[in-house]
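User: I have a structure open and want to learn how to read it. Can you take me through it feature by feature?

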Amino acid sequence: MARKTAVKDYIRTIVDFPHEGIMFRDVTTLFADPRGFRMAIDQMLHPYAGEQIDKVVGLEARGFILGGAIAHQLSVGFVPIRKKGKLPGTTISQEYKLEYGEAIMEIHDDAIQPGEKILVVDDLLATGGTAAAGIKLIERLGGEIVSCAFIIDLPELGGRKVLEDLGMDVTVLCEFEGA
């Protein structure tokens with residue numbers, strides 16, 4: 001077995017999942033390996049050394065795993081953004097487009113205070129729809145987004161440009177070609 005020296009080395013590709021023609025980038029193999037997981041968290045944190053961050057927002061669902069670990073390392077709060085109907089308190093919602101249809105993301109209406117500095121975290125940046133919906137929710141609550149951090153970017157799908165067009169700073173650990 002080849003020695004794993006980069007985060008990308010820990011990510012497996014599953015062909016034709018969940019649909020034919022999709023190359024699914026599976027981060028569960030990264031999360032399962034203590035060295036790989038530590039490497040990913042450390043590298044995701046590195047660009048923000050010395051930055052003021054008040055809360056980390058994780059996008060459902062793998063963003064919860066990363067966001068929780070990053071919030072712990074930064075000694076700040078963690079806020080989940082979830083699919084509609086999953087949060088128990090009063091929420092605000094944001095619709096966004098999927099490849100086939102629409103979805104709705106929600107955040108508790110008291111999760112972020114105006115002026116708080118926010119780091120948005122998820123595992124994968126594809127079309128940018130989920131992250132853009134999350135950004136809009138955070139901004140509606142008055143949060144100021146420091147950056148958006150992802151493990152994987154799929155550049156052919158254009159998500160990075162979508163977020164940058166919203167004025168966001170975007171960091172990624174690795175890229176994969178294809179969808």
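Analyst: Begin with how elements are named. Helices and strands are DSSP runs, numbered from the N terminus. With that naming, Ala 61 sits in the loop between β3 (55-59) and α3. Keep in mind that this is a predicted model.

User: How many helices and strands are there in the protein chain?

Analyst: The protein chain has five helices and nine strands. Along the sequence they run β-β-α-α-β-α-β-β-β-β-α-β-α-β.

User: What does the radius of gyration say about the protein chain?

Analyst: Compare it with the value for a compact globule. For 179 residues that value is near 16 Å, and the protein chain has 16 Å, so the two agree. The C-alpha trace spans about 50 × 40 × 30 Å along its principal axes.

User: And what share of the residues is buried?

Analyst: Buried means under 20% relative accessible area. Of the 179 residues, 42% count as buried. The accessible surface of the chain is about 9,100 Å², and 51% of that belongs to carbon and sulfur atoms.

User: How do I read contacts against sequence separation?

Analyst: Take the contacts between residues at least 6 apart in sequence. In this chain, 58% of them join residues at least 24 apart. Single residues can be read in a similar way.

User: Which residues does Asp 122 contact, leaving aside its neighbours within four places in sequence?

Analyst: Asp 122 lies in strand β7 (residues 117-125). With those neighbours left aside, Asp 122 is in contact with Met 44, Leu 59, Arg 62, Gly 63, Leu 66, Ala 149, Phe 150 and Ile 151.

User: Is Asp 122 buried or exposed?

Analyst: Its relative accessible area is 7%, so Asp 122 is buried. Now try a distance. Asp 122 and His 19 are 103 residues apart in sequence, and their C-alpha atoms are 22 Å apart in space.

User: Where is Gln 43 found?

Analyst: Gln 43 is in helix α2. Gln 43 has a relative accessible area of 35% and is therefore partly exposed. Not counting residues up to four places away in sequence, Gln 43 touches Val 7 and Leu 173. Gln 43 and Ile 151 are 108 residues apart in sequence, yet 9.1 Å apart from C-alpha to C-alpha.

User: Give me a loop example. What does Ala 126 touch, not counting residues up to four places away in sequence?

Analyst: Ala 126 is in the loop between β7 and α4 (129-140). On that count, Ala 126 touches Leu 154, Leu 157, Gly 158 and Gly 159. The C-alpha atoms of Ala 126 and Pro 155 are separated by 7.3 Å, with the two positions 29 residues apart along the chain.

User: How is a pair of packed helices described?

Analyst: Two values do it: the angle between the axes and the distance between the axes. Here, take helix α2 (residues 34-45) and helix α3 (residues 62-74). Their axes come within 10 Å and cross at roughly 65 degrees. The crossing of α2 past α3 is right-handed.

User: Which residues of α2 and α3 make the contact?

Analyst: From α2 come Phe 37, Arg 38, Ile 41, Met 44 and Leu 45. From α3 come Ile 65, Leu 66, Ala 69, Ile 70, Gln 73 and Leu 74. By type, the residues of this contact divide into nine nonpolar, one polar and one charged.

User: What should I look for in the backbone?

Analyst: Most residues other than glycine have a negative phi, and most peptide bonds are trans. Look for departures from both patterns.

User: Which residues does a cis peptide bond join?

Analyst: One cis bond joins Phe 17 and Pro 18, with omega about 0 degrees. Pro 18 lies in the loop between β1 (12-15) and β2 (23-26). Another joins Glu 60 and Ala 61, again with omega about 0 degrees. Ala 61 is the residue placed earlier, in the loop between β3 and α3.

User: What is phi of Asp 16, and of Ser 75?

Analyst: Phi of Asp 16 is near 65 degrees, a positive value in a residue other than glycine. Asp 16 is in the loop between β1 and β2. Its relative accessible area is 40%, so Asp 16 is partly exposed. Phi of Ser 75 is positive too, near 55 degrees. Ser 75 lies in the loop between α3 and β4 (77-83). With a relative accessible area of 66%, Ser 75 is exposed.

Terms used: Residues are numbered from 1 along each chain as its sequence is written. This is a predicted model: local features need pLDDT of at least 70, side-chain atom pairs count only at pLDDT 80 or more; totals for chains, interfaces and linings use all residues. Side-chain values use heavy atoms; hydrogens and water are left out. Axes are lines fitted to C-alpha atoms, for helices over the stretch in contact, and angles run from 0 to 180 degrees between N-to-C directions. Helices (H or I, at least four residues) and strands (E, at least two) are DSSP runs, numbered from the N terminus. A crossing is left-handed if the near helix is turned anticlockwise from the far one by less than a right angle, and right-handed if clockwise. Contact means heavy atoms within 4.5 Å. Ala, Val, Leu, Ile, Met, Phe, Trp, Tyr, Cys and Pro count as nonpolar, Asp, Glu, Lys and Arg as charged, and the others, Gly among them, as polar. The radius of gyration is taken over C-alpha atoms; the globule rule is 2.2 Å times the number of residues to the power 0.38. Buried means under 20% relative accessible area, exposed over 50%, partly exposed in between (1.4 Å probe, protein chains only). Accessible areas come from the Shrake-Rupley method with a 1.4 Å probe; for residues, only the protein chains shown count as cover.
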